[in-house]
Amino acid sequence: MTKTQPNKTQEEKQSKKNPALARAILISVFLFCIAAGLLLFFLNKEEKNTYSYSPETKILLYHLVRDETYGDYEYLFVRESDFENQLLEIQRLGYQTVFADELSKLKDGEKAVVLTFDDGYSDCYDTVYPLLQKYGMKATFFISTALLGEENHLTEAQILEMQESGLCRFGSHTVTHIRLDEALTEEAERELSESKKALEDLTGEKIISLAYPNGAYNDLVELLAEKCGYLYCYTTNAPTEPYYENTALPRSYVVRDMTAEEFSAILK
């Protein structure tokens, strides 16, 4: 019996159809990848929000809040009564307090104060934290992770208790409080990445805010901070312009013996 031969015309059509189908699938996949890439680009760009600082944002820089002083930097010790009066003034002027990593959530014209504390001294728990609870205000504490548990510094247990309140959030101040602008590239990147990881492991939260130790930074440091995943990087420079990039955000120093009028001038 003679076997039925395949229809050559149909076979040729099928052979031509398959490459066309493959090309269509390949093009579709290619276009999908482009669309996905563009979406991720714009989402990432929106998340970074390069200019989230505005003139309505008042960022305050503290170190210690206690009546007694020690060491060589007495001006860094804000008296407890002065700090409480400053919180009352913030409240009186109608400002809300937000965390250092919340700037992009603010709407245009929305008045906000960012309370920041550098170095993670123990009075942040003993003095600042109770007053934040009293007035329901938020603050961000920038921690040098190698100093955790050292004399006059916060412990891990205190950080976790403060975080649990919902009023305290933590950011990086590097591992050893190094001057990043004078460090080798590898050392600076290690300080930035290791402090970030240590705080994330401790708090269980994503750490995206950084305060440059001594306010020291340069173009390379800004790039390294972005590379390590920091979206908000704070200097010690007072604001003089209406807008700042997120890698060089200004802060206004609050120091001992600052008068009520001087403090109010910062907010106005």
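Accessible areas here come from the Shrake-Rupley method with a 1.4 Å probe. On that basis, the chain of this predicted model exposes about 14,800 Å², of which carbon and sulfur atoms supply 52%.

**Overall architecture**

The secondary structure of the chain comes to 7 helices and 10 strands. The chain has 268 residues, and 44% of them count as buried. Among the contacts in the chain with a separation of 6 or more, 67% are accounted for by residues 24 or more positions apart.

**Salt bridges**

The count of salt bridges comes to 11. Three of these pairs are listed below with the distance between nitrogen and oxygen.

| Pair | N to O distance |
|---|---|
| Asp257 and Arg79 | 2.7 Å |
| Arg92 and Glu89 | 2.9 Å |
| Lys196 and Glu200 | 2.7 Å |

The side chains of Asp257 and Arg79 meet in a salt bridge at 2.7 Å. Because Asp257 lies in the loop between β10 (252–253) and α7 (260–267), and Arg79 in the loop between β3 (77–78) and α2 (80–92), this pair ties together parts that are 178 residues apart in sequence. Arg79 counts as partly exposed, since its relative accessibility is 28%.

The salt bridge of Arg92 with Glu89 is set within one helix: both residues lie in α2, 3 residues apart, about one turn of the helix. The two partners fall into separate accessibility classes. Arg92 has a relative accessible area of 56% and is therefore exposed, whereas Glu89, at 14% relative accessibility, counts as buried.

Lys196 and Glu200 also pair within a helix. They are 4 residues apart in α5 (residues 185–203), so about one helical turn separates them. With a relative accessibility of 10%, Lys196 counts as buried; Glu200, at 23% relative accessibility, counts as partly exposed.

Salt bridges also link Arg179, Asp181 and Glu182 in a network.

**Aromatic pairs**

The structure holds 11 aromatic pairs. One of them joins Tyr70 and Phe77, whose ring centres are 5.0 Å apart; their planes stand at 80°, and the pair is therefore edge-to-face, as planes over 60 degrees apart are classed. Tyr70 counts as partly exposed at 30% relative accessibility, while Phe77, at 2% relative accessibility, counts as buried.

Phe142 and Tyr234 have ring centres 5.8 Å apart and planes at 45°, so this pair is tilted. The pair links distant parts of the chain, with Phe142 in strand β6 (residues 139–143) and Tyr234 in strand β9 (residues 232–234), 92 residues apart. Both Phe142 and Tyr234 are buried.

One aromatic cluster is formed by Tyr62, Phe83, Phe117, Phe141 and Phe170.

**A charge over a ring**

An aromatic ring and a charged side chain are also associated at Tyr95. Lys111 lies over the face of this ring, at 4.5 Å from the ring centre.

**Links across the sequence**

Two of the pairs described above join separated parts of the chain. The salt bridge between Asp257 and Arg79 ties together parts 178 residues apart in sequence, and the aromatic pair of Phe142 and Tyr234 links strands β6 and β9, with the two residues 92 residues apart. By contrast, the salt-bridge partners Arg92 and Glu89 share helix α2, and Lys196 and Glu200 share helix α5.

Definitions and conventions: Residues are numbered from 1 along each chain as its sequence is written. This is a predicted model: local features need pLDDT of at least 70, side-chain atom pairs count only at pLDDT 80 or more; totals for chains, interfaces and linings use all residues. Side-chain values use heavy atoms; hydrogens and water are left out. A salt bridge is a side-chain nitrogen of Lys or Arg within 4 Å of a carboxyl oxygen of Asp or Glu. Buried means under 20% relative accessible area, exposed over 50%, partly exposed in between (1.4 Å probe, protein chains only). Contact means heavy atoms within 4.5 Å. Rings of Phe, Tyr and Trp (its six-membered ring) pair if their centres lie within 6.5 Å; planes under 30 degrees apart count as stacked, over 60 as edge-to-face and the rest as tilted. A charge sits over a ring if NZ of Lys or CZ of Arg is within 6 Å of the ring centre and within 35 degrees of the ring normal.
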